[in-house]
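Biologist: I am new to this structure. Could you take me through it, one question at a time?

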Amino acid sequence: MNAISGAYDWLTTSANWQGEKGVWHRLAEHLYFSGVCLAVACLIALPIAMLLGHIGKGGALAVNISNVGRAVPTLAVLILLTLTPLGEHGDLPTLIALVLFAVPPLLTNAYIGMREVDRSVVEAARGMGMSGGQVFARVELPLAYPMVMTGVRSAAVQVVATATLAAMAGEGGLGRIITAGFNLQNTPQVVAGAFLVALLALAVEGVLVLAGWVFDPMRGRSRVSE
Amino acid sequence: MSKRDCLVANDWICGEYVRSRSQELIDATVEHVAITAASVAIGVAVALPLALLARRWRFLAAPILGVTTVLYSIPSLAMFSLLLPFFGLSASLVVTGLVLYSLTILVRNILAGLQAVPEEAREAAKGMGYGPLRLLWEVELPLALPALLAGVRITTVSTVALTTVGAIVDYGGLGTLILDGLDTQFKAQVLTASALCVALAITADLLLLALQRLLTPWTRAHRIRPGRFARKADPAKSVAKVAEPV
């Protein structure tokens, strides 16, 4: 396959990795956008989801926000924001779009995780005299942790993908290698860029699976009560 | 001039735009619907045998579900770009990419639906002399239909949104208008096409919901009575998969 060996050549040409349009710089942009936005989205969504889950209210909102997020095209939001006055502030439209699309999976998963904690366990904790805060920190949070981490993983994958699309709205990141390849009608570059993006997405997911396991508060203990 | 020209002023909302470019909007919408419909239809046609394989041979279940899950985490722009050497700049590139995304949810839901068929129903059918094909077609598939249709609904909504990314190869339906509007800074075009896209997703969802009710009237009969339980179980059920590829 011509394009595939071409892509290999593109990736092994060191000139393609250097400079402002090189892979390293684009990767740094991509990781910067993704990291900052994922952190901001977590800071916004997780406390809200956990509070709602703890008091058991707002379930319809937490669940439906994901369905709404699914129906809204990311590309449209990126381009709409770029055309608003926000577009004059450089990266701001992209950062906002990234946060907007990272919030739904975080909110929904963390909420469901909190609600799926066995009610009898929570009742037992209360019966032992735990306060609301103690129940939250020592019972609900450790038990909801896997779902919370699933949400973080989904959000991270979402953010990496959205950051790629930002290139179509004229922003930086690894997606820029792909869009530049399309503009130059350079198929090997398109394939090489796509390969790098796919690799990054899978690496991010892999790292988060590992991190989820390492930081699991219940590691080595069973979540099942039987 | 007494009347302000919204096309010249480049307003976000412009009736004149919708009037003068209605043909362009209709063409883009038709293309969008065609790409989405083809992708979901092919997706179901591919997912069904995969789900049957995964059920028939247990050892295949893990690799099939694993591969479709990995496909799901690949960003859409990369997915379409990776298919470029195989399909060139064509609508089949976009459809193939969308089919690959749809498999994750479709295979999962069909498999779950088939596995939830009560053993008694299967035994009864066998006792009545049903062969494996007739068992599948007349007993198992109808019983798995609610799960299948739920998967089709989720897939359709996210496919409508994802089709826009096809604009990178000029086959993005309304997405092509959106991307075009960015180059020309044409606000009315971007907003109108985006709104149509969301409207399309909602319409498709409601139509599929109606179809679901029509095809599976038995699922409604007992939902009315135990209101408390139904409501309690509902939120978790409606979220089969909460992430969506972008």
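**Disulfide, helices and a surface patch**

Modeller: In this predicted model, a disulfide joins Cys6(B) to Cys14(B), with 2.1 Å from S to S.

Biologist: How many disulfides does the structure hold over all chains?

Modeller: A pair of cysteine sulfurs counts when they lie within 2.5 Å. Cys6(B) and Cys14(B) meet that at 2.1 Å. Over all chains, the total is 1.

Biologist: Which hand does the disulfide of Cys6(B) and Cys14(B) have?

Modeller: Look at the torsion about the S-S bond. For Cys6(B) and Cys14(B) that torsion is about 60 degrees, so the disulfide is right-handed.

Biologist: Are Cys6(B) and Cys14(B) buried or exposed?

Modeller: Buried means under 20% relative accessible area. Cys6(B) has 15%. Cys14(B) has 3%. Cys6(B) is therefore buried, and Cys14(B) is likewise buried.

Biologist: Why does Cys42(A) have no bond to the closest cysteine sulfur?

Modeller: Cys42(A) is itself buried, at 17% relative accessible area. The closest cysteine sulfur belongs to Cys37(A). That is too far for a bond, because the distance is 11 Å.

Biologist: Now chain B as a whole. How many helices and strands are there in chain B?

Modeller: From the N terminus on, each element in the run is α. Chain B has 246 residues, and 46% of them count as buried. Its count is 12 helices and 0 strands.

Biologist: What share of the contacts in chain B with a separation of 6 or more comes from residues 24 or more positions apart?

Modeller: Take the contacts in chain B with a separation of 6 or more. Residues 24 or more positions apart account for 73%.

Biologist: How many of the residues of α5(B) are buried?

Modeller: Helix α5 of chain B covers residues 76-87 and reaches 16 Å, close to the 16 Å expected. Its buried residues include Leu77(B), Phe80(B) and Leu84(B). The helix is largely enclosed by the rest of the structure, because the buried count is 9 of the 12.

Biologist: Which residue follows α5(B)?

Modeller: Its phi is positive, near 70 degrees. The residue is Gly88(B).

Biologist: Last, the surface of chain A. What accessible area do Tyr32(A), Val36(A), Val40(A), Ile44(A) and Ile48(A) have together?

Modeller: These residues form a nonpolar patch on the surface. One of them, Ile48(A), lies in helix α2 of chain A, residues 23-55. Ile48(A) counts as partly exposed, at 41% relative accessibility. Together, the patch residues have about 410 Å².

How values were computed. Residues are numbered from 1 along each chain as its sequence is written. Chains are lettered from A and ligands numbered from 1 in the order in which they are written. This is a predicted model: local features need pLDDT of at least 70, side-chain atom pairs count only at pLDDT 80 or more; totals for chains, interfaces and linings use all residues. Side-chain values use heavy atoms; hydrogens and water are left out. Buried means under 20% relative accessible area, exposed over 50%, partly exposed in between (1.4 Å probe, protein chains only). Helices (H or I, at least four residues) and strands (E, at least two) are DSSP runs, numbered from the N terminus. The expected span of a helix is 1.5 Å times one less than its number of residues. Patches are made of residues with over 30% relative accessible area and no salt bridge: like charges are joined within 9 Å, nonpolar side chains (Val, Leu, Ile, Met, Phe, Trp, Tyr) within 5 Å. Accessible areas come from the Shrake-Rupley method with a 1.4 Å probe; for residues, only the protein chains shown count as cover. A salt bridge is a side-chain nitrogen of Lys or Arg within 4 Å of a carboxyl oxygen of Asp or Glu. Contact means heavy atoms within 4.5 Å.
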